[in-house]
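Dear colleague,

I am handing over the structure below, together with some notes on what was found in it. Please read the notes with the model open beside them.

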Amino acid sequence: MSKVVRIRVESVEGFCAAKYKVGDEFYLDKFLIQSKIPICIHALSALQNFIYALSHGVKVEDLGVKEVFVSCPDPGEPRGKGRVIFKLEVIE
């Protein structure tokens, strides 16, 4: 049975082209992203394997950590002017 995974912006350093703010969140429910905000393709590329695994029953502890954080691979404007960290949580 699929679990619902919450993806929440934990921190924003510098410039984010998607204009994410701390506290912004969206969800993976079954195989659909549920969101009231736009989803950045660069962030999604970093998140997809983790949110899929968590939604299909992989426990955070199975990943060898207590919490799951993922960094967006797109550094913002040319030559790295930003970083967004997302926290992933199974909320069932």
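The side chain of S35 comes to 2.5 Å from the backbone oxygen of I37. This is a predicted model, and the distances here and below should be read with that in mind. S35 itself sits in the loop that runs between β3 (32–34) and α1 (41–55), and its relative accessibility of 34% places it in the partly exposed class. Ten residues separate S35 from E25 in sequence, while their C-alpha atoms are 7.4 Å apart in space.

Helix α1

The helix that follows this loop, α1, is made up of 15 residues and covers 19 Å from its first C-alpha to its last, which is close to the 21 Å expected at 1.5 Å a residue. The helix is nevertheless kinked, by about 50°, and the kink is centred on L47. L47 is also one of the buried residues of α1, a list that further holds A43, A46, I51, L54 and S55. In general, an α-helix has 3.6 residues a turn, so residues three or four places apart point the same way. The buried residues of α1 pack against five strands, namely β1 (5–14), β2 (25–29), β3, β4 (68–71) and β5 (82–90). After α1 comes G57, which has a positive phi, near 100°.

Salt bridges

How many salt bridges does the model contain? The count comes to six, and I describe some of them here.

E25 and R8 join their side chains in a salt bridge with an N to O distance of 2.8 Å. Because E25 belongs to strand β2 and R8 to strand β1, this pair ties together parts that lie 17 residues apart in sequence. Both ends have some access to the surface: E25 is partly exposed at 26% relative accessibility, and R8 is likewise partly exposed, with a relative accessible area of 26%.

A salt bridge also connects K21 with D24, where the closest N and O atoms are 3.8 Å apart. Its two ends fall into separate classes, since K21 is exposed with a relative accessible area of 53%, whereas D24 is buried with a relative accessible area of 14%. D24 lies in the loop between β1 and β2, and its side chain additionally reaches the backbone nitrogen of K21, at 2.8 Å. Once neighbours within four places in sequence are set aside, the residues in contact with D24 are I7, R8, V9, K19 and I37. Two of these names have appeared already: R8 as the partner of E25, and I37 as the residue whose backbone oxygen is reached by S35.

K87 and E89 form a further salt bridge, with N to O at 4.0 Å. K87 counts as buried at 15% relative accessibility, while E89, at 23%, counts as partly exposed. This pair does not stand alone, for R6, E67, K87 and E89 are linked in a network of salt bridges.

Aromatic pairs

Which residues make up the aromatic cluster? Y20, F26 and F86 form one such cluster, and the number of aromatic pairs in the model comes to three. In the pair of Y20 and F86, the ring centres are 5.7 Å apart and the planes stand at 85°, so the arrangement is edge-to-face. This pair links distant parts of the chain, with Y20 in the loop between β1 and β2 and F86 in strand β5, 66 residues apart. Y20 and F86 are each buried.

For F26 and F86 the ring centres lie 6.3 Å apart and the planes are at 70°, so this pair, too, is edge-to-face. Here again distant parts of the chain are linked, as F26 is in strand β2 and F86 in strand β5, with their positions 60 residues apart in sequence. F26 is buried, and F86 is as well.

One point to carry forward is that strand β2 recurs in these notes: E25 in β2 is tied to R8 in β1, F26 in β2 is paired with F86 in β5, and β2 is among the strands against which the buried residues of α1 pack.

With best wishes

Note on methods. Residues numbered from 1 in each chain as written. Predicted model: local features only at pLDDT ≥ 70, side-chain atom pairs only at ≥ 80, totals over all residues. Heavy atoms only, no water. Helix = DSSP H or I, 4+ residues; strand = E, 2+ residues; numbered from the N terminus. Buried < 20%, exposed > 50% of the residue type's maximum accessible area, 1.4 Å probe, protein only. Polar contact = N/O pair within 3.5 Å; in protein donor to acceptor, adjacent residues only side chain to side chain. Expected span 1.5 Å × (residues − 1). Bend = angle between axes of the 7 residues up to and from the residue. Contact = heavy atoms within 4.5 Å. Phe/Tyr/Trp six-rings, centres within 6.5 Å; stacked < 30°, edge-to-face > 60°.
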